[in-house]
Amino acid sequence: MSTPTTLFDKVWQAHEVHRSDSGQSLLWIDRHFVHEGSFHAFNKLAERALPVARPDLTFGIADHYVPTLARDLAGVADPKVRSMIEQLSQNTQQHGVTLFGLDDPRQGIVHVLGPEQGLTQPGMVMVCGDSHTATHGAFGSIAFGIGASEVAHVLATQTLWQSKPKVMRITVEGQLAEGITAKDVALTWIARLGADGARGYAIEYAGEAIRSLSMEARLTLCNLSIEGGGRCGMIAPDQTTFDYLRERPWSPKGDAFDQACAYWSTLYSDPGASFDLEVTLHADEIAPTVTWGVSPEEALPIDRAVPDPEQLSDPAKARQARDSLAYMGLTPGQKLTDIKIDRVFIGSCTNARIEDLRAAAAILAGHKSRVPGMVSPGSTLVKTQAEAEGLDRIFIDAGLEWRHSGCSMCVGMNGDLVASGERCASTTNRNFKGRQGPGARTHLMSPPMVAAAAVSGRLADVRTLTAGSDSSVQASGAH
Amino acid sequence: MQPITVLHNLGVALAAANVDTDQLIPARFMKEPRSVGYGQFLLYDVRHDEHGTPDAEFILHRPKANNAEVMVSRRNFGAGSSREAAVYALVDYGFRCVVAPSFGDIFASNAVNNGLLPAVVEEEEAERLLAALGDAPADIYVDLEQQLIRVAEVQVSFSISPVWRTKLLNGWDDIDMTRQHAHTITEFAAHYSAQFPWTAAQPPESAIISKG
Ligand code: SF4
């Protein structure tokens with residue numbers, strides 16, 4: 001019998017074109033996504049007058065800079081923003097790369113669109129000049145973010161040099177309780193291990209709780225791998241994965257699908273495969289979790305209070321907490337549920353898929369949001385689907401803006417910003433200083449928790465809210 | 001790319017943990033062409049107030065700070081977004097080396113691809129260097145061959161992957177290196193597509209399928 005092998009190693013080995021004397025591997029890349037920010041890489045290619053080696057495996061997506069008020073380039077006030085979107089069209093056209101552009105009915109955030117279109121498949125190696133590329137690992141692929149020099153390298157060669165990371169497994173035992181989402185699982189492990197806790201590792205998520213997650217929830221979990229410093233996050237493909245992929249536009253069809261499925265079914269960590277690090281969580285320890293600081297590791301269950309630096313014995317931790325509390329405008333020891341918010345945002349590649357919108361709408365139905373806010377679906381197809389289900393009405397009736405799809409307020413590149421000093425309950429992935437705009441204060445949480453915050457006007461425990469609500473609110477959730 | 005062997009110039013202490021790439025360069029500056037020089041955007045929101053007034057106390061606004069080549073910081077430097085612009089901001093400002101107990105993975109490889117040395121030191125060693133540098137630019141010596149850093153009396157060693165060390169010492173560029181393997185890549189691609197034919201991206205017959 002051959003030595004037991006991890007899922008990660010199986011996929012890695014299948015893509016190793018060459019190994020250098022120094023131990024670096026040249027990896028074959030199955031899918032490469034480029035977006036507006038990839039202009040630096042296209043410029044590097046132009047400097048050397050190199051063609052795109054495999055335009056058929058390269059896909060352009062307009063998401064980071066697109067307007068969300070209207071699908072109209074002429075309406076974009078900032079000429080530099082407009083030029084970013086135009087440059088992507090020009091570069092993809094010049095090199096014969098398929099573009100999912102601003103006015104394409106399939107347009108969406110790259111990490112929502114890839115899976116939705118069936119471009120993301122198990123066993124692949126996938127890259128994109130965006131750190132949340134880890135998302136695609138939910139299908140059992142090795143997917144990771146790269147910088148512009150590496151983007152240029154992949155464009156020129158369809159390969160990438162990589163040192164093999166160590167592999168860790170995060171096992172979540174038991175079943176998640178009602179109201180606990182993949183976002184809570186992610187924030188919990190990141191709070192426990194730290195924002196660099198998985199640095200140098202590829203992560204495999206395993207265990208009963210993970211197996212029970214829907215494909216969309218798995219995408220949320222893998223998406224956040226990078227917030228714990230992981231190189232990538234993976235989940236072994238199973239029936240949930242195969243069912244999701246069947247009949248997607250770019251999925252293999254007919255016999256090819258069966259052939260692919262037979263191979264995909266071999267992609268799991270063999271019993272006895274050894275990991276460099278094993279971490280185990282129990283589902284019943286995981287509560288609805290929110291961030292209070294400026295790093296995703298500064299996260300706590302909603303029924304707790306923000307730390308008091310005076311009570312922390314580790315001087316480095318105390319210093320960091322003091323700095324974070326000051327930026328966030330919070331009082332040491334303040335209860336999380338006493339934190340008033342100024343606005344909400346539901347969107348981003350982390351939490352703007354149809355299930356996310358349904359979960360948020362289930363809480364908001366029949367209620368008014370106490371604060372202004374915005375909902376930006378993860379893709380134009382998600383938007384269409386949500387409108388078919390009437391979710392847009394629920395958001396609009398609650399007083400929130402129903403926008404087009406794009407990265408929007410996750411990063412503010414298109415001008416959708418949180419004002420300085422404002423506090424936003426957000427379904428996004430980064431609570432960094434200034435991430436949602438200069439001086440913006442971000443609290444990360446799941447879509448139902450953002451909805452709960454919206455109806456309460458402060459951070460709130462979704463469990464206490466749903467417990468007291470009538471059944472019609474529950475029913476509109478359409479889980 | 002300019003090779004690095006020894007740096008002997010000014011160093012600055014940025015005594016903070018988790019200096020993420022959003023801080024290193026706020027997103028709004030990334031639509032500028034590189035030719036404008038990204039150094040002006042480095043840590044922009046950290047060193048200016050909301051009206052754009054520079055914070056005179058900030059280390060990069062101290063006399064001679066614009067000659068600094070080495071930055072020393074705390075753990076998890078360059079975490080977050082894969083934006084290579086964060087490295088451009090450091091490099092265009094004049095930095096050739098960042099010293100920290102840990103780096104964001106993508107930041108570190110972006111750094112090496114732009115000739116910026118990410119030197120990893122123990123947490124206590126970082127604290128000693130920060131203390132030795134103090135709150136003004138000060139003399140620092142970095143030797144990549146010997147893998148050591150010196151500030152006044154404080155001398156510490158740093159680690160870096162041997163592959164990256166070789167690349168930086170020689171100023172090598174990946175694309176040139178890889179193109180020497182062109183033949184191997186072509187052979188691999190043929191073999192791979194025979195073994196995994198479904199990985200070829202087949203454009204769909206009907207473009208749109210919405211599935212909830
Ligand atoms: S939604 Fe945010 S995290 Fe996701 S791809 Fe866009 S900018 Fe990156």
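**Chain B's sheet and chain A's cysteines**

In this predicted model, 6 bridges join β1 (residues 6-14) of chain B to β5 (residues 138-143) of chain B, and these strands run antiparallel.

User: Which residue of β5(B) stands opposite B:Asn9?

Analyst: Start with the strands: β1 and β5 of chain B are joined by 6 bridges and run antiparallel. Across from B:Asn9, in β5(B), stands B:Ile140.

User: What about β3 and β4 of chain B, do they pair in the parallel or the antiparallel sense?

Analyst: Look at β3 (residues 97-100) and β4 (residues 117-120) of chain B, which share 4 bridges. B:Val98 faces B:Pro118 in β4(B). The sense of the β3-β4 pairing in chain B is parallel.

User: Which helix does the chain pass through on its way from β3(B) to β4(B), and what is the hand of that crossover?

Analyst: The two strands pair in the parallel sense. The chain gets from β3(B) to β4(B) through α4 (residues 105-113) of chain B, in a β-α-β crossover. So the helix asked for is α4, and the hand of the crossover is right-handed.

User: Which strands stand at the edges of the sheet in chain B?

Analyst: The open sheet has 7 strands with mixed pairing, in the order β4-β3-β2-β1-β5-β6-β7. From one strand to the next, the twist averages 30 degrees. A strand at the edge has a single partner, so one of its sides lacks a neighbour in the sheet; that describes β4 and β7 (154-157) of chain B.

User: Over to chain A. Why do the UniProt "binding site" positions gather at one spot?

Analyst: The unreviewed UniProt entry puts this feature at A:Cys349, A:Cys407 and A:Cys410. They span 62 residues in sequence, yet they gather at one spot because no two of their C-alpha atoms are more than 8.7 Å apart. The lining of the largest cavity takes in A:Cys349, A:Cys407 and A:Cys410. The C-alpha limit that answers you is 8.7 Å.

User: Is A:Cys349 buried or exposed?

Analyst: A:Cys349 sits in the loop between β15 (343-346) and α12 (354-364) of chain A. Beyond four places in sequence, its contacts include A:His111, A:His132 and A:Asn429. Its relative accessibility is 6%, and the cut-off is under 20%, so A:Cys349 counts as buried.

User: And what is the relative accessible area of A:Cys407?

Analyst: A:Cys407 lies in the loop between β17 (401-402) and β18 (423-426) of chain A. Leaving aside neighbours within four places in sequence, A:Cys407 touches A:Asp63, A:His64, A:Ile109 and A:Phe345. A:Cys407 is buried, and its relative accessible area is 7%.

Note on methods
Residues are numbered from 1 along each chain as its sequence is written. Chains are lettered from A and ligands numbered from 1 in the order in which they are written. This is a predicted model: local features need pLDDT of at least 70, side-chain atom pairs count only at pLDDT 80 or more; totals for chains, interfaces and linings use all residues. Side-chain values use heavy atoms; hydrogens and water are left out. Two strands pair if DSSP finds at least two bridges between them. UniProt positions are given in the numbering used here, feature names are shortened, and annotations may be inferred rather than shown by experiment. On a 1 Å grid over the protein atoms alone, a cavity is a set of points where a 1.4 Å probe fits but cannot get out, and a pocket is an open set with protein on both sides within 12 Å along at least five of seven lines; lining residues have an atom within 4 Å of a point. Buried means under 20% relative accessible area, exposed over 50%, partly exposed in between (1.4 Å probe, protein chains only). Contact means heavy atoms within 4.5 Å. Axes are lines fitted to C-alpha atoms, for helices over the stretch in contact, and angles run from 0 to 180 degrees between N-to-C directions.
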